[in-house]
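Q: Please look over this model with me, and for each label used, let us ask what justifies it.

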Amino acid sequence: MNIALIGFMGSGKSSVGKTLAKELHIDYISMDEEILKESKLDSINQIFEKHGELKFRELEINTAKMLPNLDNIVIDTGGGVVENKIIIDYLKKNSKIIYLKTPFETIKNRLKDDKTRPLFNSLKQAEELYNFRKPLYKRYSDYNVNTYRKQPEEIACEILRIIKNDQNS
Ligand code: S3P
């Protein structure tokens, strides 16, 4: 089994994912980093600028395809995976999906000066996207963790507890 973290941009998937993998002594993979490798470009922004979002989503599906072949790994997904049922189905094959639930206010504060996320350029559009995706994160997750005012270590600890209970049930 793998552990896949889902949630909106800026919800802490990367930092929590790395901490969690360390605690469990298992590997960590970032879907965005894999997509970047495949694209041979330097940044996610460049993929969006040169080839458009559709191409990015295509690369995202390609990356997701290999996930069912992996085992015992923490998967850091991109915030948009919940909009693609094909990707969710790949994740569901052998991952417990954990939703990092984070208020938009927190995300806004974290990402206000961020220039690396093409879908966070307009605050209004980002908030609309957040509201649109919120029910999808809930629908597709096995468990959710409230991250409000918590450090990555604390969140990772909660996830560890959840996974242990899940294995015992
Ligand atoms: C996206 C989120 C980003 C990245 C891309 C698109 C999205 O990942 O995959 O910019 O659609 O929400 P993070 O959630 O890691 O920022």
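A: A polar contact is a pair of N or O atoms within 3.5 Å; within protein, one must be able to donate a hydrogen and the other to accept it, and residues adjacent in sequence count only if both atoms are side-chain atoms. This is a predicted model, in which local features need pLDDT of at least 70 and side-chain atom pairs count only at pLDDT 80 or more, while totals for chains, interfaces and linings use all residues. Residues are numbered from 1 along each chain as its sequence is written, and side-chain values use heavy atoms, with hydrogens and water left out.

Q: What makes the approach of K13 to the ligand a polar contact?
A: A polar side-chain atom of K13 lies 2.7 Å from a ligand oxygen atom, and the limit is 3.5 Å, so the pair qualifies. For D32, a side-chain N or O atom is 2.8 Å from an oxygen atom of the ligand, and for G80 a polar backbone atom is 3.4 Å from one.

Q: Which kinds of residue make up the shell around the ligand?
A: The shell divides into 5 nonpolar, 3 polar and 5 charged residues, where Ala, Val, Leu, Ile, Met, Phe, Trp, Tyr, Cys and Pro count as nonpolar, Asp, Glu, Lys and Arg as charged, and the others, Gly among them, as polar.

Q: Why is the pair F104 and F120 called stacked?
A: Rings of Phe, Tyr and Trp (its six-membered ring) pair if their centres lie within 6.5 Å, and planes under 30 degrees apart count as stacked, over 60 as edge-to-face and the rest as tilted. By this rule there are 5 aromatic pairs. The centres of F104 and F120 are 6.2 Å apart and their planes are at 25°, so this pair is stacked.
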